[in-house]
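Visitor: I have a few questions about how the descriptions of this model are justified. Could you walk me through them?

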Amino acid sequence: MAGGDAHPLLRLEGVSKSYGPVHANRSVDLAVMPRSIHAILGENGAGKSTLMKMIYGVETPDRGRIHWDGAPVAPASPAEARALGIGMVFQHFSLFDTLTVLENVALVVPGKPRALAARIRDLGRDYGLEVNPDARVHALSVGERQRVEILRCLMLDPKLLILDEPTAVLPPQMVARLFDTLRALRDRGVSILFISHKLDEIRALCDTATILRDGVVTGRADPRVTDTRTLATMMIGREMPSPLPAGTAKPGEVRLALSALDWTGPDPFAPPLEGIELAVRAGEIVGIAGISGNGQADLAALVSGEQVLPQARSGAVALDGAAIGHLGAEARRKRGLAFVPEERLGRGAIPEMALWQNAVLTAHDRGLVRRGMIDRDAATRFTETCIADFDVRTPGPHAEAGALSGGNLQKFVMGREIMLAPRVLLVQQPTWGVDVAAAAAIRRRLVEMRNAGCAILVISEEIEELFEICDRLHVLRAGRLSPSLATPSTSAEEIGEWMIGAAEDRHAHAV
């Protein structure tokens, strides 16, 4: 609950920011009180992240004023913002991949290495954000990298903590522990600006909400007494679309099969995959649940072709009955496999390239390349269709991928792959960082693809999402896959037990 202090800790007056013809924020007023958890709500592209970047000194307002603890300030860099007592955890990570967790922390947090490593371990254990200080960031999953970002920020003891989609890749057990931590920080005097598209989280955690739409403040609410549907309508300016009932699957032939798949990757901190058995049939969605860091990245790489197997073990991965384990990603795509990675920037799209150029990367054989030359008109038309059909908020197909908000880039990457009409679709974190309306639309499209006969494998840490769209579930824990669990006959509690190993122990004793 907000405290009774006389003036806000942070106050914005008429803050505006434009990028050429795009008005990211327009005359935004915002007041964050001490000892409060303040939500910023809005669709993808509403201007939430830009506003936070101005507070944190990454961007400079074109107009308007920022007051900190009653005094005017103009932080020109994150270092200046941190000196004031402002910390931020970004939606897109700001870590150096080639450095260890400890080295990344030491770039920002003063202290001797041994003491910092001990603090990382202690804070990780206390907050449910465990991570190995000696692990190199490039070897961490997205969820583990998010833990590093949060820990590094907390180690600076901020007065204001800005969190941009902090729970997007955390499993439910860790979200609850993180919320306990945030409430404790609030009670000790830390104010929190919290961006999330998960409205149930907003209602459970926050005491105030400011709603942005098209860069303008369109409303304020107390989320504790405002229902989820009302908040969603305030965000998108219209009624929420109804979800498409998943219905009953009518699975056909096996499209994707993994048989006795074993794999030990180069990362010494990642568990090896052992004896993976999995079949995905035409006309069904199979989900893989699990806490990040349990082998999901290796499993996705082995299915997508980013990691190939020796010729002798090629049969461990089969597509339409043919061994493909030795084939690379391009060869698998030619056979009808499409892939949406969890890292949309760098793997899903190249930030410095225009959207139409990113479309060519995976859709070139859809008439976008003729006689070895790129057909720019065809690529532009393909991209315009993707933008329109998937409601990607962008100036157009010539915008750079890196200029899009995280959620809009996710919609573009998802749309590009769905437009390929694949026989098999592998999707990691399909709605990570996507607003409620767009998430509903993406899930609807996945169900429509299933109904049209596509075989879909979804790797997600969103248990509710998996239950909404999947016909069957597996849990990946410590590199081992659980038995197939029919969604209608299992529960979130049972899935959680498999995630922590309790159900596995019972299953072993029963056998």
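Visitor: Happy to start with the backbone: which residue just after α12 takes a positive phi?

Guide: That is D391, with a phi of about 50°. Please keep in mind that this is a predicted model.

Visitor: What makes the length of α12 close to the expected one?

Guide: Helix α12 covers residues 376-389, which is 14 residues. The expected span is 1.5 Å times one less than the number of residues, and for α12 that gives 20 Å. From first C-alpha to last, α12 reaches 20 Å, so the value is close to the expectation.

Visitor: What makes the link between D375 and D377 at the start of α12 a polar contact?

Guide: A side-chain oxygen of D375 reaches to within 3.2 Å of the backbone nitrogen of D377. The cut-off for a pair of N or O atoms is 3.5 Å, so this pair qualifies.

Visitor: Which residues of α12 are buried, and what do they pack against?

Guide: The buried residues are A378, A379, T380, F382, T383, C386 and I387; buried means under 20% relative accessible area. They pack against α11 (355-368) and α13 (406-418).

Visitor: Why is α11 called roughly perpendicular to α12?

Guide: Their axes come within 9 Å and cross at roughly 110°. Angles of 65 to 115 degrees count as roughly perpendicular, so α11 and α12 earn that name.

Visitor: Which residues meet where α11 and α12 are in contact?

Guide: On the α11 side they include L355, W356 and V360, and on the α12 side they include R376, F382 and I387.

Notes: Residues are numbered from 1 along each chain as its sequence is written. This is a predicted model: local features need pLDDT of at least 70, side-chain atom pairs count only at pLDDT 80 or more; totals for chains, interfaces and linings use all residues. Side-chain values use heavy atoms; hydrogens and water are left out. Helices (H or I, at least four residues) and strands (E, at least two) are DSSP runs, numbered from the N terminus. Buried means under 20% relative accessible area, exposed over 50%, partly exposed in between (1.4 Å probe, protein chains only). Contact means heavy atoms within 4.5 Å. A polar contact is a pair of N or O atoms within 3.5 Å; within protein, one must be able to donate a hydrogen and the other to accept it, and residues adjacent in sequence count only if both atoms are side-chain atoms. Axes are lines fitted to C-alpha atoms, for helices over the stretch in contact, and angles run from 0 to 180 degrees between N-to-C directions. Angles under 35 degrees count as roughly parallel, over 145 as roughly antiparallel, 65 to 115 as roughly perpendicular and the rest as oblique.
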